Amino acid sequence: MPPFPHDLTPEEQGFPGPAAAPVLPDGPPLGLGKFAIPQQLTFQGIINSINHVYPYTHDEALFHSRENAERMRYDPVIDACLRLRMMAVALLTWHIEPDDDTDPQQVKAAEESEKILKSVPGQLSMQRCLLDATWVGRSAWQNRWRWKTKSGRQWMYPTVTGRHIDGDKLVFGWGDEVGILVQGAFVGPTRNTERGRAYFLTPQEREQVVVHKFEPTDASFYRPMNAGSIHGTGLRGKLYWLWSLKSRVWSLGIDYLEWFAQGLTAYYFESGNANSMREMKTWIETQAGSRVILVPRTKDGGPGYKPVERFEAGTASSQFLQALLTDYFDDLIVRHILGQTSSTQSVSTGLGSGVQPAHSMTFENIVKYDATGLQETETDEYLRVFYLHNYPGVEPGRFVFDIDSPNVQQMIENAQAIWQMGGRIDEEALLETAGLPVPGPDSTILSNVQPMQPAAVDGMPEGTPVVQGQEDESDPSKRGAVQLARVGRKLLGLRGSVNPLIGIR
């Protein structure tokens with residue numbers, strides 16, 4: 001249970017820390033390893049000083065309407081953009097780098113860890129679910145670990161049956177404790193929050209849960225209810241009011257279709273005459289297929305009197321509402337999530353325009369941004385745990401996405417230019433860049449080696465080189481060279497075939 005307000009530590013009450021002192025290598029770290037100012041005390045109001053947890057209203061959507069915050073995710077435009085953004089990151093290849101590539105122990109640990117973790121199914125699901133923090137601001141994945149014998153030793157292994165924890169279920173304490181909302185039947189120790197009971201993970205349980213936070217951001221001094229954004233703030237809160245206005249326009253559009261799509265018919269009855277109103281209402285109820293209104297009017301028997309009047313719907317209003325929804329609201333949402341619109345719709349660029357490459361570069365930068373944040377989370381909360389139990393005492397490696405793929409076409413062109421100028425090229429590195437394996441001793445090799453001429457045979461007499469298949473035996477002075485060339489071809493035939501495309505094997 002958290003302490004009462006009068007039991008708060010000096011740091012939690014905002015008291016100044018000890019006086020500055022020299023930081024010695026064998027002494028305590030700078031600032032005793034604590035923050036200079038507690039974030040929870042930097043607001044005009046006190047946030048949950050009794051249970052020491054951050055409010056759940058960490059973004060505008062939850063602050064205004066929890067129901068709308070949940071409905072936003074089902075908007076097809078938002079869902080399509082988020083899936084495109086998350087899949088682009090989750091499908092990236094990755095590897096593990098040692099912290100010190102000159103340490104053989106760290107290099108070996110990184111190679112073994114990469115091989116083992118890549119063999120565990122479910123990596124794609126874990127990364128996709130963690131990337132849901134892009135929308136909510138925080139997301140978690142819990143693993144189940146087991147011992148498994150592999151390569152002659154025991155390994156602490158994550159199983160394939162990990163599970164996603166929705167970001168809105170997470171609760172954060174003042175001291176960075178992580179809790180999860182639970183139901184009333186839960187029998188473990190809990191703390192009360194605005195949304196009910198929350199169970200806070202023990203240090204050992206915390207190692208089983210990977211928590212990814214997207215753009216942790218402090219809130220305004222005047223918004224203490226948004227203080228929880230320090231543990232992540234997603235795109236949902238930034239797009240909420242735009243989406244809310246879009247929903248309002250949608251309701252106007254539906255009302256317009258409901259009332260005016262089939263036209264509107266006005267029926268008049270004599271004002272003050274109850275029998276006239278009942279008769280007109282009874283007659284109207286027998287009609288179907290259009291919207292009608294019943295309007296009282298003074299009795300008028302003149303030439304312009306119409307007991308029924310028809311109003312046909314215009315198309316300008318419906319087209320305006322449609323354009324407002326698709327060309328304004330949806331485009332703004334797509335641009336905010338993906339940075340451009342060419343990934344989801346065709347864009348007129350014109351001949352020679354650089355718009356499409358610029359849009360592609362913008363989306364690539366967003367993918368790099370998301371991937372860099374996710375690899376930091378997986379390094380600290382996933383790979384570190386794997387090293388802790390399988391390589392105790394070894395500095396953990398780094399989880400790295402292969403973000404910057406080389407421009408293979410440009411590299412090959414550069415290599416060709418260097419080769420023609422007499423430069424030296426590393427064949428193995430060039431093949432690796434092109435995504436081709438290095439040929440093995442038993443591989444069928446294709447090369448651009450030209451057919452060997454008789455001039456390459458040892459002891460070739462001086463004279464004009466002879467082209468294969470065009471020897472001339474009529475000249476006695478050339479007869480010996482012709483016979484020697486035949487012998488050379490037989491020797492080559494014993495060693496392997498000669499072909500302009502295959503070469504000698």
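In this predicted model, Arg236 lies in helix H8, which spans residues 235-260. With a relative accessible area of 2%, Arg236 counts as buried, because the cut-off for that class is under 20%. The side chain of this arginine makes a polar contact with the side chain of Asp59, at 2.9 Å. Leaving aside residues up to four places away in sequence, Arg236 touches His58, Asp59, Ala61, Leu62, Ala69, Met72, Trp135, Val136 and Asp168.

Two of these neighbours, Met72 and Trp135, also appear among the residues with the most contacts inside the largest nonpolar core, together with Ile78, Ile337, Phe386, Tyr387 and Phe401. This core has 60 residues, and its largest share, nine residues, is supplied by helix H11, which covers residues 355-390. Phe386 is in contact with Ser113, Ile116, Leu117, Trp145, Trp155, Met156 and Tyr391, when residues up to four places away in sequence are not counted. A second core, separate from the one just described, consists of 16 residues, including Ile47, Leu170, Val211 and Ala227. In soluble globular proteins, nonpolar side chains tend to be buried together.

A nonpolar patch is nevertheless found on the surface, where Ile418, Trp419, Met421 and Ile425 together have about 460 Å² of accessible area. Of these residues, Ile418 is placed in helix H12, which runs over residues 408-420. Ile418 counts as partly exposed because its relative accessibility of 38% falls between the limit for buried residues, under 20%, and that for exposed residues, over 50%.

How values were computed:
Residues numbered from 1 in each chain as written. Predicted model: local features only at pLDDT ≥ 70, side-chain atom pairs only at ≥ 80, totals over all residues. Heavy atoms only, no water. Core = buried A, V, L, I, M, F, W, Y, C linked by side-chain atoms within 4.5 Å. Buried < 20%, exposed > 50% of the residue type's maximum accessible area, 1.4 Å probe, protein only. Helix = DSSP H or I, 4+ residues; strand = E, 2+ residues; numbered from the N terminus. Contact = heavy atoms within 4.5 Å. Polar contact = N/O pair within 3.5 Å; in protein donor to acceptor, adjacent residues only side chain to side chain. Patch = residues over 30% accessible without salt bridge, like charges linked within 9 Å, V, L, I, M, F, W, Y side chains within 5 Å. Areas by Shrake-Rupley, 256 points an atom, 1.4 Å probe, with all protein chains shown as cover. Salt bridge = Lys/Arg side-chain N within 4 Å of Asp/Glu carboxyl O.
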